[in-house]
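Good morning, and thank you for coming. Please look at the sequence and the structure as they come up, and then I shall take you through several features in turn.

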Amino acid sequence: MSKFKDLSDIELMQEIARFESRALEELYDRYSPLLYTVIKKIAPDEATADQIIIEVFVIIWRKIDKFDFKTGNVFTWLVTLARNKAVDSLRRGRASDPSEQPYDDVYEDYFVLPTFQNDIDSLDFNTALTLKPKVELALSKLTDTQKYVLHLAYYEGFTIDEIADKLNVPIETVRSKVMTALHNLRDYLTSE
């Protein structure tokens, strides 16, 4: 049995920062099913999802120094990284001119790597599982319109402007719908 199986997520990240490839393998074993599920909801097809999951773990290996070890929020960082990478891939796939913004380290650091405020609560996999029913209940309380605009923004990667164009409504209406949906979701979650 590998010594890495017994390590916590943050300890695995520390080992990856020391360029210990077996720690990355263990992180992959732990998180690839979850991350792949997130990616597959966003990616247009299975081949793209397969490619994105590989790219996510390459980013983790190359950019481990960008992970905030002080917060230790591994779960949230990984899920957000996977979501950001999948959305970026989707946006680049539908861009009229994909050469507009070259994909380089600066672009990746700004648009793909997660950044969080310092006061964000730490969330681990087990806690996320226990919160799942509460989140599902809160989502079920949103109106269909609120669910749809959140879906367009989170899973399809549309910007507020793109959602407005897609729905043929003013930008301020979309912005208001998104903000109302997020506030209602927060209120439902905190009231439960």
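I begin with a definition: a charge sits over a ring if NZ of Lys or CZ of Arg is within 6 Å of the ring centre and within 35 degrees of the ring normal. Please keep in mind throughout that this is a predicted model.

With that definition in hand, consider Arg 92. Arg 92 lies over the face of Tyr 107, at 4.6 Å from the ring centre. A second case involves a lysine: the charged end of Lys 41 is placed over the ring of Tyr 155, 5.5 Å from the centre of that ring.

Both of these tyrosines bring us to the aromatic residues. How many aromatic pairs does a search of the whole structure find? The search finds eleven. Let me start with Phe 67 and Phe 69, whose ring centres are 4.9 Å apart and whose planes stand at 90°, so this pair is edge-to-face. Are the two partners buried or exposed? Phe 67 is buried, at a relative accessible area of 4%, whereas Phe 69 counts as partly exposed, at 31%.

Next come Tyr 154 and Tyr 155. Their ring centres are 5.0 Å apart and their planes lie at 85°; because planes over 60 degrees apart count as edge-to-face, this pair is edge-to-face. Tyr 154 is partly exposed, with a relative accessibility of 35%, and Tyr 155 is partly exposed as well, at 26%. Tyr 155 is also the residue whose ring lies under the charged end of Lys 41.

Tyr 107, which we met beside Arg 92, belongs to an aromatic cluster formed by Tyr 103, Tyr 107, Tyr 110 and Phe 111.

Let us stay in this part of the chain and turn to Glu 108. Where is Glu 108 placed? Glu 108 is in helix 5, which covers residues 105-112. At 2% relative accessibility, Glu 108 counts as buried. Setting aside neighbours within four places in sequence, Glu 108 is in contact with Ile 59, Arg 62, Lys 63, Tyr 103 and Leu 113. One of these contacts, Tyr 103, is also a member of the aromatic cluster. As for a longer span, the C-alpha atoms of Glu 108 and Glu 162 are separated by 22 Å, and the two residues are 54 apart along the chain.

I now move to helix packing. Two packed helices are described by the angle between their axes and the distance between the axes. Helix 2 comprises residues 21-42 and helix 3 residues 46-62; their axes come within 10 Å and cross at roughly 140°. That angle makes helix 2 oblique to helix 3. The crossing of the two helices is right-handed. Among the residues of helix 2 that take part in this meeting are Leu 24, Leu 27, Leu 35 and Ile 39, and those of helix 3 include Ile 52, Ile 53, Val 56 and Ile 60.

Finally, some remarks on the backbone. Most residues other than glycine have a negative phi. Phe 19, although not a glycine, has a positive phi of about 60°. Phe 19 is found in the loop between helix 1 and helix 2, and is exposed, at 56% relative accessible area. Asn 168 also has a positive phi, near 55°. Asn 168 is in the loop between helix 8 and helix 9, and at 69% relative accessibility counts as exposed.

Notes: Residues are numbered from 1 along each chain as its sequence is written. This is a predicted model: local features need pLDDT of at least 70, side-chain atom pairs count only at pLDDT 80 or more; totals for chains, interfaces and linings use all residues. Side-chain values use heavy atoms; hydrogens and water are left out. Rings of Phe, Tyr and Trp (its six-membered ring) pair if their centres lie within 6.5 Å; planes under 30 degrees apart count as stacked, over 60 as edge-to-face and the rest as tilted. Buried means under 20% relative accessible area, exposed over 50%, partly exposed in between (1.4 Å probe, protein chains only). Axes are lines fitted to C-alpha atoms, for helices over the stretch in contact, and angles run from 0 to 180 degrees between N-to-C directions. Helices (H or I, at least four residues) and strands (E, at least two) are DSSP runs, numbered from the N terminus. Angles under 35 degrees count as roughly parallel, over 145 as roughly antiparallel, 65 to 115 as roughly perpendicular and the rest as oblique. A crossing is left-handed if the near helix is turned anticlockwise from the far one by less than a right angle, and right-handed if clockwise. Contact means heavy atoms within 4.5 Å.
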